Amino acid sequence: MRSAIDKYVIDKVRDKRLENNLTQEELSIKAGFKSNGFVGQAESPNYNKRYNVQHINRFAQIFNCSPRDFLPDKSL
């Protein structure tokens, strides 16, 4: 099961991905994931994939923002 923080991060990454007109596959490739479907699996409720701190850092580099942009201001 995904935690509330996992869901929050996944939603924030999805928002950034859509703002930048990237497909799930394009973001997976840019992030250097072994599976081109990783982002799609993370965004799907049918899988238990989630992002870790290294993933968040990669996304911050890709979107030229702070890793903090993917995290809530307060604990969930």
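Me: Helices here are DSSP runs of H or I that are at least four residues long, numbered from the N terminus. With that in mind, in which loop is N21 found?
Reply: This is a predicted model, and its elements run α-α-α-α from the N terminus on. The helix α1 covers 4-19 and the helix α2 covers 24-31, and position 21 falls in the stretch that links them. N21 is therefore found, by the definition of helices as DSSP runs, in the loop between α1 and α2.

Me: What is the phi of N21, and is N21 buried or exposed?
Reply: N21 is not a glycine, and yet its phi is positive, at about 50°. As for its surroundings, a residue counts as exposed when its relative accessible area is over 50%, and N21 has a value of 67%. The answers are thus a phi of about 50° and, for the second part, exposed.

Me: Which residue in the segment after α4 has a positive phi, and what is its relative accessible area?
Reply: In the segment after α4 we find N64, a residue other than glycine whose phi is positive, near 55°. N64 is exposed, because its relative accessible area passes the 50% cut-off. The residue asked for is N64, and its relative accessible area is 71%.

Me: How many helices and how many strands does the protein have?
Reply: Reading from the N terminus on, the elements follow one another as α-α-α-α. A count of the elements by kind gives four helices and zero strands.

Me: Which helix gives the most to the largest nonpolar core?
Reply: This core has 17 residues, and V13, L27, F33, Y51, F59, F63 and F70 touch the most other members. The helices α1, α2, α3 (38-43) and α4 each supply at least two residues of the core. The helix that gives the most, with four residues, is α4.

Me: Which residues does F63 contact, leaving aside its neighbours within four places in sequence?
Reply: F63 is one of the core residues that touch the most other members, and contact here means heavy atoms within 4.5 Å. Once the neighbours within four places are set aside, the partners of F63 are K16, R17, N20, L22, L27 and F70.

Me: How far apart are the C-alpha atoms of P67 and I56?
Reply: P67 is found in the segment after α4, and at 33% relative accessibility it counts as partly exposed. Not counting residues up to four places away in sequence, P67 touches I56, N57 and A60. Although P67 and I56 are 11 residues apart along the chain, their C-alpha atoms are separated by 5.9 Å.

Me: Which residues form a nonpolar patch on the surface?
Reply: One member, L76, lies in the segment after α4 and is exposed, with a relative accessible area of 60%. The members of the patch have about 260 Å² of accessible area together. They are I5, L71 and L76.

Me: What is the radius of gyration of the protein?
Reply: Along its principal axes the C-alpha trace spans about 30 × 30 × 20 Å, and 36% of the 76 residues count as buried. A compact globule with 76 residues would have a radius of gyration near 11 Å, so the protein agrees with that expectation, its own value being 11 Å.

Notes. Residues are numbered from 1 along each chain as its sequence is written. This is a predicted model: local features need pLDDT of at least 70, side-chain atom pairs count only at pLDDT 80 or more; totals for chains, interfaces and linings use all residues. Side-chain values use heavy atoms; hydrogens and water are left out. Patches are made of residues with over 30% relative accessible area and no salt bridge: like charges are joined within 9 Å, nonpolar side chains (Val, Leu, Ile, Met, Phe, Trp, Tyr) within 5 Å. Accessible areas come from the Shrake-Rupley method with a 1.4 Å probe; for residues, only the protein chains shown count as cover. A salt bridge is a side-chain nitrogen of Lys or Arg within 4 Å of a carboxyl oxygen of Asp or Glu. Buried means under 20% relative accessible area, exposed over 50%, partly exposed in between (1.4 Å probe, protein chains only). A nonpolar core is a set of buried Ala, Val, Leu, Ile, Met, Phe, Trp, Tyr and Cys residues joined through side-chain atoms within 4.5 Å. The radius of gyration is taken over C-alpha atoms; the globule rule is 2.2 Å times the number of residues to the power 0.38.
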